[in-house]
Each structure stands twice: as C-alpha cells, then as structure tokens.
Amino acid sequence: MPVDVLVGLQWGDEGKGKIVDVLAPTYDAVARFQGGPNAGHTLTFDGLKHVLHQVPSGIFHPHILNIVGNGVVLDPVVFRAELQKLTDRGVDWAKNLYISKKAQLILPSHRALDRINEEARGGSKIGSTLKGIGPTYSDKIGRVGLRVGHILLPDFEARYREAVAQHASLASHYNRELEVEDLEPDFFSAVDFLRTLQLTNTEYLLNDLLSQGKRILAEGAQGSLLDIDFGSYPYVTSSSTIAAGACTGLGIAPRHIDKVYGITKAYCTRVGSGPFPTELHDEVGEQIRQAGREFGSTTGRPRRTGWIDLPALRYAIMLNGVTELHLMKADVLDAFTEIQACTHYRTATGESTPQLPDPGELTSVTPEYITLPGWNSDLTTINDAADLPINLKAYLDFLEQELQVPIRIVSVGPDRVSTLHR
Ligand code: GDP
Ligand code: IMO
Ligand code: MG
C-alpha cells in the first residue's frame, strides 16, 4: 500500500513541512490534499529557510513530483509569488509540479469576504488568516465555486464577474461594499501565469503512479484540532484536515493508505481564537514562545503556548489512525528543569476524563497534569537518538505509554539534519 499520510495532531504548525522534506527522498510524489495559503510550512537546510504556503514540501527534491490536489483552495496570486521566490532561489520546479483542475480558486472577493465575515463576528472572531479560505470552501460546498479548470474556458471572465456579483450581494448583507477592482489586474495576470502550468486531472496522475508501484506522501495542512468536523468548532478551518481527507482531497481510495505519520510538538501551540485548555498565560508560556520562536509562518502573529495535551492527542491519534508519532521541537524545552503533561481533564461536574470533551465544554475543563523532570541540557548537538538524555528518554517512554503509538522521530532543531530517527 504505497500512500502514506502525514498530518498535524494539534492546532497546526507542528513542523509538518520539515518532516515532509525529511521523508520526501523515499517517495516518488508529495501531494497536498486540503487547505491553501492559510498554511505556512517551513523547511530549513543548507543555511536557508523556506516557507511554503501552497507548494507541496517535496519541491526541493528534483526527482519528486509535487501535486496540488483537488481538495486544495488555490490563490493564484500567492502561488505565483511563491513560485517566483523558488525560481529566484534556483529551484527548478516547472517539470515536477502538477495542479488539479478540480482545486477551487480563491478570488480577491473571497479574501475580502473573509475579512467582512470576521469583522461581523464581533467578539467571537475565529482568528482566520484572512486568506479567503472559509468563503472559498463555502462556495465549493454551495456548488457555485470556480475551479482551476475553469480558467481554461473561454467564458472564465464572465464566470468570475458572476461570482463577484454574488460576493458583493453577500457583503451588502453586512452593509459593506466589496473593494476588489484594484486587485483584479494582479489576479488576472496571476491567472494567465497559472494557465502556463501543468493543470490536469491529478486523480488520474496519482492513480497511474499507484498502478506503477510508486510511493506517494500525502501532506496535510493545519492540524486535527482545526478539522471542520472534529476540531474546536467553530474555531476551526474549513477543510478535513485529518488523514481521511487525503482520500477525498486527492481521489485516492482508502485501501491504498498505509502509514499515518502524526506530527506533534513536545508542547502545544495555537494561533487564532478558540479554546486551548493547557494554555499558559505566565512566564513559562512566554519562555516557550521565545525559545520556540512561536510566531506564525503565515501571519507573523504570536502563537499561544502551553503544555502538551494528551486527551487531545489521544483523540487526534484515534481520528487519524496514527501509526507512528514524530515529536517536534524537543530542544525548545532544553532549559526547563520540570515539564508538565496534561493527562486528563476535570470537567465542570467534577469528573476526571482521559477523553476530549465537546468544543463548547473545553473552556470549562481543568487540565490535570503530571510533572516530569526536564533534561536540562542542549539537544541541538545530539545526532543519534541513542545519545538523548535519560530524562528525555523517560518523557518519550511516558508519551508512548499514554498514547500507545511509537515515537519514531525526535526533532531537535529546525534544520533538516536535526532529525533523530528511533
Ligand atoms: P508546519 O505548518 O507544521 O509545517 O510548521 P511551521 O513551519 O508553521 O512551524 C514550525 C516551526 O518550527 C518552523 O519555524 C520550523 O522551522 C520550526 N521547527 C521545526 N522543527 C523544529 C525543531 O525540532 N526545533 C526547533 N527549535 N524548531 C523547529
Ligand atoms: P499550517 O499548515 C496554524 C488557524 C487560524 C485560525 C483558524 C481558521 O501552517 O499548520 P483560516 O484562515 O483557515 O480560516 O483560519 O485556523 N489556522 C492555522 N493555524 N497553522 C495553520 O496551517 C493554520 N491554518 C489556519 O489561525 O485560528
Ligand atoms: Mg505552519
């Protein structure tokens, strides 16, 4: 079974991009199956940092196909800028990059609507990245969206005008006007650029690869707790971020899926609003933020920080069917003499539970912690998992015991080489 899926188990930014880049050489193709420019996947190697938003994270390996699947929402303007940056850095992507004709197009008016919707929410803002994700997926589900394939049709501009008129009418419900005219020249020139790329029915491409025995890595974006169904609704993104999304977002049958890599930080972060039971509002939280450089890759916003949340991880592992865990950013906890892990929640009725309560109850639960000794040493110089400090090994054993899934990778720095395999 040649398709493996890599997903974030928390609220995004777990380090998915880094691990896709590390694992990519053992695959023939890397495929994104959902999300869009709300994602920011960071890869660091040879002294350079690259942040990818819509381009799959296998793009730096010349022998690998990189596929933007049908489940993705694609902003041509952001895409062109990303590809231009790659060109400037000497990356030859043109032959290796394919885009699904069924992926949905993000229009300037979707971005404008995203902002209008957020403003209308008053005090209960989602904290959206404002990249147009929600409005674009709404149009997809409402069956009025424009797909990448539509840009090849002679009436594309007419369809575009129709969509913008609809969006203007939505905006008028909030007594707002859409201001997109100034953005249109750039949008249409980015669409012209998109027409020059390899636009195809990627479900056929992927299934042809499978019939040739090739190996595919499906790259998730966002995280399981941001999933449209199972995340902390409504403070979620608008797509299926869990492993099952790889099937519908790529056109791959479930029977082809083999491994599911679950990516988690050694602690927890969240950017945007919504419940976060183990959040730290004190100097410890600030210490994690500074040590982990926890500022958004897409928006630059400071990320909220807290201790690892095992009820949430158990839930994410269950939903995704995780077969192996990768523990990221262990080095960020180097300076701590003690670390904490939330093993259970105490609910408003006083009950202790290892499960994740409904999103609405998440603000009223109290995390129950276990305190573990820190390793209090520099992990960044270690290059063999056998040499990890004893207290970190104890932390890994503890997590494996609690989560019942082996931890196969421990990441001790942003660089490709700071990756320890167990
Ligand atoms: P993604 O969205 O899941 O791909 O994650 P992001 O790239 O948004 O955020 C992860 C951040 O942590 C990036 O800045 C990475 O360079 C960085 N990073 C990844 N792994 C490690 C690690 O093991 N240690 C440290 N210190 N930073 C890491
Ligand atoms: P990667 O792939 C972290 C969050 C936003 C907001 C909510 C909805 O880099 O892990 P949206 O723009 O999707 O409408 O925002 O989801 N969010 C992310 N947080 N990492 C991401 O992607 C995210 N993509 C969206 O902050 O709370
Ligand atoms: Mg990110």
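**Pockets and the ligand 2 site**

The largest pocket has a volume of about 900 Å³ in this predicted model. Its lining comprises 43 residues. Ile126, Ser128, Val236, Thr237 and Ser238 are the closest of these to the pocket centre. Helix H3 (108–120) and helix H4 (133–141) are the elements that give two or more residues to this lining. By class, 15 lining residues are nonpolar, 20 are polar and eight are charged.

Ligand 2 sits in the largest pocket. The ligand is surrounded by 21 residues. Asp13, Lys16, His41, Thr129 and Thr237 are the closest. Thr237 thus appears in two lists: among the residues closest to the ligand and among those closest to the pocket centre. The shell around ligand 2 holds eight nonpolar, ten polar and three charged residues.

Backbone atoms meet oxygen atoms of the ligand at several points. A backbone N or O atom of Asp13 lies 2.8 Å from a ligand 2 oxygen. For Gln222, a backbone N or O atom is likewise 2.8 Å from an oxygen atom of ligand 2. At Gly40, a polar backbone atom is 2.9 Å from a ligand oxygen. On its own, ligand 2 has 550 Å² of accessible area, and the protein covers 97% of that area.

The second largest pocket has a volume of about 640 Å³. It is lined by 25 residues, of which Thr42, Gly292, Arg293, Lys329 and Pro414 are the closest to its centre. Helix H1 (16–23), strand E3 (41–45) and strand E4 (48–52) each supply at least two lining residues. The lining of this second pocket divides into six nonpolar, ten polar and nine charged residues.

How values were computed
Residues are numbered from 1 along each chain as its sequence is written. Chains are lettered from A and ligands numbered from 1 in the order in which they are written. This is a predicted model: local features need pLDDT of at least 70, side-chain atom pairs count only at pLDDT 80 or more; totals for chains, interfaces and linings use all residues. Side-chain values use heavy atoms; hydrogens and water are left out. A residue is near a molecule or strand if one of its heavy atoms lies within 4 Å of it. A polar contact is a pair of N or O atoms within 3.5 Å; within protein, one must be able to donate a hydrogen and the other to accept it, and residues adjacent in sequence count only if both atoms are side-chain atoms. Accessible areas come from the Shrake-Rupley method with a 1.4 Å probe; for residues, only the protein chains shown count as cover. On a 1 Å grid over the protein atoms alone, a cavity is a set of points where a 1.4 Å probe fits but cannot get out, and a pocket is an open set with protein on both sides within 12 Å along at least five of seven lines; lining residues have an atom within 4 Å of a point. A molecule sits in a cavity or pocket if more than half of its atoms lie within 2 Å of its grid points. Ala, Val, Leu, Ile, Met, Phe, Trp, Tyr, Cys and Pro count as nonpolar, Asp, Glu, Lys and Arg as charged, and the others, Gly among them, as polar. Grid points are joined across faces, edges and corners, and a volume is the space filled by probe spheres set on the points. Helices (H or I, at least four residues) and strands (E, at least two) are DSSP runs, numbered from the N terminus.
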